[in-house]
Amino acid sequence: ATPAATMVGTAIGARNGVLFKGGDVLERVHEVDTVVFDKTGTLTKGEMELTDVEVVGPATDGGALKPERERTEAFVLEVAASAEHASEHPLAEAIVDGARERGIEVDDPDEFENVPGQGVKATTRHGRVLVGNRKLLSEAGVDTAPAEERMDALEREGKTAMLVALAEDADDDDSDPDYRLIGIVADADTVKESAKAAVSGLRERGLGVWLITGDNGRTARAVAEEVGIDPDNVMADVLPEDKADAVDDLQSDGGQAMMVGDGVNDAPALAAASVGCAIGSGTDVAIEAGDVTLLRDDPADVMKAIRISEATLQKIK
Ligand code: ADP
Ligand code: MG
């Protein structure tokens, strides 16, 4: 585009809360044929709330806890919250807030490790703790089968269910603690008001619309259904480092994808996409990796960006 057209397009964008990083971006945006949305914080508000705490039965997991530690939901939540206290993940913050609201005292863990895309490992006053997805627990040697039926049911409701395991007597030096599954905690998030309209607008324009997430398939498909994304266009259980490859795959036949995301874990995918589109309230890393920033955090502004790009290019032809 001519410098003048670029200036006009950029200014119109800014007035509409759509920031383009330069003229070449303005030219590329309307050429995308595919839009890939991150789930948490992009299509959903990312404001998680603790919704469920469940005890996983003692008969099935090979032994009882120490006698003074009853198998109660409050104990499961206390253990989970103490481990998550050191994490800044929205899932973790919801668990800690939920525990406090229920009158549970939440301690800081002595040791803490964040496992991106999987969960947390911590040493708390209760012992060594794992909170996270199936992968995190299976890799630590925990059989997740006793929780599967309940996990499945919670995920079908669109909730993110996390497993809680405890190794009561293990200290920090123990390289292979004997974890036992003690329960499940679940968080739920709400879909942004305009997400459905955003998706239908893009689909009417003939664009392919995808959802990509580190969350599991059942939760992802429940959200996809709510916003009108085809279940075949859902990529779930995608590790942060694999999100960029997934975008590259969609572009492998010469297609051009726009990736829309908010998180640190979306940054490589934002860079890999023909157009990276960051949510304004998202992390600095995402905004830096992106070509466009949506200041209003509104997925419907993706269409606005495309229209502005199109109008800018038409004016100069
Ligand atoms: P998304 O791609 O939706 O933004 P993430 O990649 O951050 O999600 O996380 C993927 C999955 O890993 C979550 O759905 C959850 O099961 C698990 N997970 C990540 N962080 C945590 C945490 N702090 N506590 C428990 N589970 C977690
Ligand atoms: Mg996200």
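How many of the 5 residues of strand 11 are buried? In this predicted model, 5 of the 5 residues of strand 11 (residues 257-261) are buried, so the strand is largely enclosed by the rest of the structure. The enclosure concerns both faces of strand 11, since Ala257, Met259 and Gly261 are buried on one side, while Met258 and Val260 are buried on the other.

The surroundings of strand 11 are described by its pairing. Strands of a sheet pair through backbone hydrogen bonds, either parallel or antiparallel. Strand 11 runs parallel to strand 2, to which it is joined by 4 bridges, and it also pairs in the parallel sense with strand 12 (residues 275-279), again over 4 bridges. Methionine 259 takes part in both pairings, as the bridge partner of valine 36 on the one hand and of glycine 276 in strand 12 on the other. These strands belong to an open sheet of 7 strands with mixed pairing, in which the order is 1-13-12-11-2-9-10. The edges of this sheet are formed by strand 1 (18-20) and strand 10 (234-235), each of which pairs on one side only. Strand 2 (residues 34-38) is further paired with strand 9 (residues 208-212), in the parallel sense and over 5 bridges, and within this pair valine 35 stands opposite valine 209.

The residues of strand 11 also appear in the nonpolar interior. The largest nonpolar core comprises 48 residues, and those with the most contacts inside it are Val36, Met258, Met259 and Cys277. When neighbours within four places in sequence are left aside, methionine 259 is in contact with Val36, Val247, Asp266, Ala269, Leu270, Ala273, Gly276 and Cys277. A second core, separate from the largest one, has 41 residues, among them Ile95, Ala122, Ala167 and Ile182.

A further sheet, also open, contains 6 strands in the order 3-8-7-6-5-4, and its pairing is antiparallel. Strand 3 (49-55) and strand 4 (111-115) stand at the edges of this sheet with a single partner strand each, so one side of each is left without a neighbour in the sheet. From one strand to the next, the twist averages 20°. Within the sheet, strand 7 (residues 160-167) and strand 8 (residues 180-188) run antiparallel and are joined by 7 bridges, with threonine 160 standing opposite aspartate 187 in strand 8. Helix 5 (residues 90-101) lies across strand 3, strand 5 (119-124), strand 7 and strand 8, and its direction makes an angle of about 75° with strand 3.

At the level of the whole protein, the division is into domain 1 (3-46 + 191-316) and domain 2 (49-188). The centres of domain 1 and domain 2, taken over C-alpha atoms, are separated by 33 Å. The contact between the two domains takes 12 residues from domain 1 and 11 residues from domain 2. On the side of domain 1 that touches domain 2, helix 9 (residues 217-227) gives the most, with 4 residues. The residues of that side of domain 1 divide into 4 nonpolar, 6 polar and 2 charged.

Three aspartates in loops were then considered. Aspartate 232 is found in the loop between helix 9 and strand 10, and it is exposed because only 8 other C-beta atoms lie within 10 Å, where 12 or fewer count as exposed. Although aspartate 232 and leucine 211 are 21 residues apart in sequence, they are 9.7 Å apart in space, C-alpha to C-alpha.

The other two aspartates are described together with their backbone angles. Most residues other than glycine have a negative phi, and most peptide bonds are trans. Aspartate 237, in the loop between strand 10 and helix 10 (243-250), nevertheless has a positive phi, near 55°. Aspartate 297, which has its place in the loop between strand 13 (292-294) and helix 13 (301-316), likewise has a positive phi, of about 60°, although it is not a glycine. Aspartate 237 has 15 other C-beta atoms within 10 Å and is therefore partly exposed, whereas aspartate 297 has 20 such atoms within 10 Å and is therefore buried, given that a residue counts as buried if 20 or more other C-beta atoms lie within that distance.

How values were computed. Residues are numbered from 1 along each chain as its sequence is written. Chains are lettered from A and ligands numbered from 1 in the order in which they are written. This is a predicted model: local features need pLDDT of at least 70, side-chain atom pairs count only at pLDDT 80 or more; totals for chains, interfaces and linings use all residues. Two strands pair if DSSP finds at least two bridges between them. Helices (H or I, at least four residues) and strands (E, at least two) are DSSP runs, numbered from the N terminus. Axes are lines fitted to C-alpha atoms, for helices over the stretch in contact, and angles run from 0 to 180 degrees between N-to-C directions. Two residues are in contact if their C-beta atoms, placed from the backbone, lie within 7 Å. A nonpolar core is a set of buried Ala, Val, Leu, Ile, Met, Phe, Trp, Tyr and Cys residues joined through C-beta atoms within 7 Å. Domain bounds come from an automatic or database domain assignment. Ala, Val, Leu, Ile, Met, Phe, Trp, Tyr, Cys and Pro count as nonpolar, Asp, Glu, Lys and Arg as charged, and the others, Gly among them, as polar.
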